[in-house]
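Me: I'd like a close look at one part of this model, and then whatever around it helps to place it. Could you walk me through it in one go?

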Amino acid sequence: VAFPGPTKGGPIVASPDGSRLAVVNSGSGELTIFALPDLQEEARITLGGEPESVSFSPTGDTIYAVLRADGSVVRVADVGGSPAVDATLEVGAEPGRAALSSTGGRLWVPLWAEGYVVAVDTDTMTVANEIQTGGSPYAACVTNDLDLEEDDETVFVTDFYGVAKAGAREATDGAREGRVFTIAAADGALDEIRLPALTASS
């Protein structure tokens, strides 16, 4: 089973079959699951830890939530029955918006305060790989070429602050460039894309 397209992280997500909506509230620390399309509340679970990001598994029966304040990822099982946390993994300081791989075997978690991205094995809930990116990695998305093979995909992760532009003076228009890290899912090989500053409109 695989997702029908690329995946990304965020505080609200629909299940792959479109039957449910999962929402995390960083202020209350809650995960709420709604039935679609009528938005009937099915479950409300207190996770604590300022949840930042939520992802459904490809089958829709499991949810993964990133807890920014706790520096952890939790797995919520039995989504269609009696959903409850069945595993917790500490990943590092201030994790951001994580994305699942195409078949859900890896959860790619940016660590905003540490300059790392970690790949979590979702079956064992252990860290399978750690990639040092530098900067402040914040939000991830993962490609999906629909061939059920995870290792030929690419993980894109935004750098929250970007980087200083060579020869430019800080605190001026055009002084910084956007940066997106690229990670090869197969071996964690790291590269980056630079995005020039947009021209200010008059």
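**A84 and its surroundings**

Reply: Leaving aside residues up to four places away in sequence, A84 makes contact with I45, R75, V76 and A77. Keep in mind that this is a predicted model. A84 itself sits in strand 9, which covers residues 84–90. Its relative accessibility is 39%, so A84 counts as partly exposed, between the 20% limit for buried and the 50% limit for exposed. For a distance to check on your screen, take V74: it is 10 residues from A84 along the chain, and the two C-alpha atoms are 9.9 Å apart.

One of the contacts of A84 is I45, and that leads to strand 5, which spans residues 40–46. Strand 5 pairs with strand 4 (residues 30–35) in the antiparallel sense, over 6 bridges. Within that pairing, F34 has E41 in strand 5 as its bridge partner. The two strands make a hairpin with 4 residues between them, and L39 in the turn has a positive phi of about 55 degrees. As background, strands of a sheet pair through backbone hydrogen bonds, either parallel or antiparallel.

Now for another sheet. Here 4 strands form an open sheet in the order 10-11-12-13, with antiparallel pairing. Strand 10 and strand 13 (126–132) are the edge strands, each pairing on one side only. Strand 12 (residues 116–121) is joined to strand 13 by 6 bridges, and A119 stands opposite N129 of strand 13.

The loop between strand 10 (99–100) and strand 11 (106–111) holds S102. With a relative accessible area of 2%, S102 falls under the 20% limit and is therefore buried. Its contacts, again not counting residues up to four places away in sequence, are A2, F3, P58, T143, N144, E149, E150 and E153.

F3, one of those contacts of S102, turns up again at the largest pocket, where F3, T7, K8, V13 and A14 are the lining residues nearest the centre. That pocket has a volume of about 270 Å³ and is lined by 17 residues. By type, the lining divides into 11 nonpolar, 5 polar and 1 charged. Strand 1 (7–8), strand 2 (12–14), strand 6 (51–56) and strand 10 each supply at least two residues of the lining. Strand 10 thus has two roles to look at: an edge of the open sheet and a contributor to the pocket lining.

Note on methods:
Residues numbered from 1 in each chain as written. Predicted model: local features only at pLDDT ≥ 70, side-chain atom pairs only at ≥ 80, totals over all residues. Heavy atoms only, no water. Buried < 20%, exposed > 50% of the residue type's maximum accessible area, 1.4 Å probe, protein only. Contact = heavy atoms within 4.5 Å. Pairing = 2+ DSSP bridges. 1 Å grid on protein atoms, 1.4 Å probe; cavity = no way out; pocket = protein on both sides within 12 Å on 5 of 7 lines; lining within 4 Å. Points joined across faces, edges and corners; volume = space filled by probe spheres on them. Nonpolar A, V, L, I, M, F, W, Y, C, P; charged D, E, K, R; others polar.
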